[in-house]
Amino acid sequence: MTKFSPFDTTLWHATAAPAPETCPLEGTVRTDVCVVGGGYTGMTTAIELRRRGHEVVLLEAQEAGFGGSGRNAGHCTPTFSYYSLDELRRLLGAERAGRLIARQTAGADMAAAFIRDYQIPCEWKQNGYFQGALTPSRMDRLRKKAESYAAVGCPSGVVDAAEAARLTGSTRFHGGWLLTSGGHLNPLSYARGLARAVLQEGAQLFTRSRVARVERQGDRWHVRTDGGTVVADKVIMATGAYTDGGWKGLDKTFRIKKVILAATSPLPEEVRAQVLPFDGTMHDGRGDIFVYKYNREGRIVASMFPMGRRGRDLGYTRQMLMDRLRWLHPQVPEQTQWDYYWMGELDMQRHTIPRLYALGPGALACTGLSGRGVPTGTMLGGVLADWAEGTPDADLALPVERLKSAPPYMSFAPAMMLRWYGIQDNFAAWRDGVDLPPHA
């Protein structure tokens with residue numbers, strides 16, 4: 001079995017709402033659609049299909065939310081990584097891109113609806129997403145981004161330095177982009193709430209049921225685990241970065257990208273009134289990203305990508321994260337520590353948007369969420385349910401492609417891009433005559 005980062009060391013494992021009672025698959029079960037993977041994508045797909053009247057069996061190798069859905073940083077930012085909206089239109093064509101943009105930008109509102117409809121206790125707050133400009137010249141780029149998202153109906157705009165300081169409590173920013181539809185939550189509580197919703201809607205959810213193989217027999221699929229078999233008309237593989245067998249070659253469609261996550265000791269109430277007072281999701285604006293938000297206990301939960309010594313040397317990494325946080329927010333007390341530290345895995349691929357792969361008649365796989373898990377996994381349920389109901393490929397929000405491995409350069413390209421972004425950020429700071437953050 002594939003070895004992933006530890007799960008029980010995360011803040012979310014220590015604080016999440018209880019998981020529903022489930023059991024492994026035993027014997028043979030007949031259904032319309034078998035969904036493999038108990039993360040946001042698989043569970044929202046199961047919910048959507050049940051709402052439309054289809055019988056569904058959901059198989060999960062570990063427990064619901066074991067993968068990226070239960071260990072991410074908890075940001076629900078309904079945007080796209082790296083690609084601008086115009087670049088997406090050139091990549092996918094205007095019509096398909098329009099469908100995808102509409103779904104992705106509604107991702108946080110979709111999550112809010114699931115949380116409301118199924119009464120999911122997950123620390124949900126929809127106070128917005130702020131991306132700062134640490135140099136004056138970055139404001140032009142953020143202004144273009146804000147205008148492009150506003151043009152498709154998002155509550156999006158730029159703020160000046162004074163408003164940035166009021167929202168974030170930091171005087172480092174020369175302004176920024178505010179997307180008020182962004183939110184944040186306890187990701188494992190959300191995943192476990194979706195698992196309860198799957199059961200509430202009448203789908204069958206089997207955990208500790210790793211799929212060993214999927215075989216076509218006659219006009220049906222046989223999805224086999226160690227304990228049983230699901231016989232289904234259609235199969236959807238939604239295992240993402242935590243793909244562990246099941247379909248040969250599926251784990252080659254992406255490359256694993258590690259991410260560092262850490263949570264501080266709880267900050268005093270008077271400090272929280274000065275540090276990130278708008279209580280939203282905060283992005284410092286550098287290409288080598290530093291993103292953070294609060295949890296319900298007043299802990300700051302921060303994330304960065306490992307690079308060089310960062311991520312390999314635990315002592316250095318903890319110090320670097322705290323130096324970066326206190327550079328932005330000197331109000332954070334010096335005695336503040338990182339009480340929790342963990343790693344997660346992302347299924348990165350070249351286009352940084354999800355990919356749909358045809359596996360055979362009535363079989364589909366989805367991988368490559370590339371770090372936008374909460375809103376993307378939430379909205380993908382509708383896309384995959386559309387496919388299962390027979391929506392023509394040309395009318396889906398994503399193209400259906402043949403199964404193919406990620407190009408070899410994806411093994412090193414993300415790390416190289418991070419370094420390139422850092423060089424660009426540092427040059428902009430030098431050109432604009434502003435301070436660099438520590439360890440930049």
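Helices and strands are taken here as DSSP runs, of at least four residues for helices and at least two for strands, numbered from the N terminus. On this basis, Glu 123 of the predicted model is placed in the loop between α6 (107-117) and β4 (129-132). The phi angle of Glu 123 is near 65°, a positive value in a residue other than glycine. Most residues other than glycine have a negative phi. With a relative accessibility of 19%, Glu 123 counts as buried, because the cut-off for that class is under 20%.

A positive phi, of about 55°, is also found at Asp 279, which is not a glycine. Asp 279 belongs to the loop between α10 (269-272) and β13 (281-283). Its relative accessibility is 14%, and Asp 279 therefore counts as buried.

The overall architecture was examined next. The protein chain contains 13 helices and 19 strands. Its radius of gyration is 21 Å, close to the 22 Å that the globule rule gives for 440 residues, so the chain is as compact as a globular protein of that length. Along the principal axes, the C-alpha trace spans about 70 × 45 × 40 Å. Of the 440 residues, 58% count as buried. Among contacts with a separation of 6 or more, 75% are accounted for by residues 24 or more positions apart.

The exposed surface of the protein chain amounts to about 17300 Å², of which carbon and sulfur atoms supply 50%. The chain carries 52 positive and 45 negative side chains, and the centres of these two sets are 5 Å apart.

In the interior, the largest nonpolar core comprises 60 residues. Those with the most contacts inside this core are Met 43, Phe 80, Leu 100, Tyr 190, Leu 194 and Val 198. The greatest contribution to the core comes from helix α12 (residues 373-388), which gives eight residues. When neighbours within four places in sequence are left aside, Val 198 is in contact with Met 43, Ala 46, Ile 47, Leu 58, Ala 203 and Leu 205. A second, separate core consists of 31 residues, including Ala 164, Ala 262, Ile 300 and Leu 325.

Several loop positions were considered individually. Trp 247 lies in the loop between β11 (228-237) and β12 (255-264) and is buried, with a relative accessible area of 18%. Beyond its neighbours within four places in sequence, Trp 247 is in contact with Val 214, Trp 221, Met 237, Leu 359 and Leu 403. Of these contacts, Leu 359 is 112 residues away from Trp 247 in sequence, with a C-alpha to C-alpha distance of 8.7 Å.

His 329 is situated in the loop between α11 (314-328) and β16 (338-348). At 0% relative accessibility, His 329 counts as buried. Residues up to four places away in sequence not being counted, His 329 touches Thr 168, Gly 169, Ser 170, Val 275, Leu 276 and Tyr 292.

Gly 311 occupies the loop between β15 (300-304) and α11 and, at 25% relative accessibility, counts as partly exposed. Its contacts, leaving aside neighbours within four places in sequence, are with Ile 260, Pro 306, Thr 317 and Tyr 341. Gly 311 and Phe 206 are separated by 105 residues in sequence and by 35 Å in space, C-alpha to C-alpha.

How values were computed:
Residues numbered from 1 in each chain as written. Predicted model: local features only at pLDDT ≥ 70, side-chain atom pairs only at ≥ 80, totals over all residues. Heavy atoms only, no water. Rg over C-alpha atoms; globule rule 2.2 N^0.38 Å. Buried < 20%, exposed > 50% of the residue type's maximum accessible area, 1.4 Å probe, protein only. Contact = heavy atoms within 4.5 Å. Areas by Shrake-Rupley, 256 points an atom, 1.4 Å probe, with all protein chains shown as cover. Lys, Arg positive; Asp, Glu negative; His and termini not counted. Charge placed at Lys NZ, Arg CZ, Asp CG, Glu CD. Core = buried A, V, L, I, M, F, W, Y, C linked by side-chain atoms within 4.5 Å.
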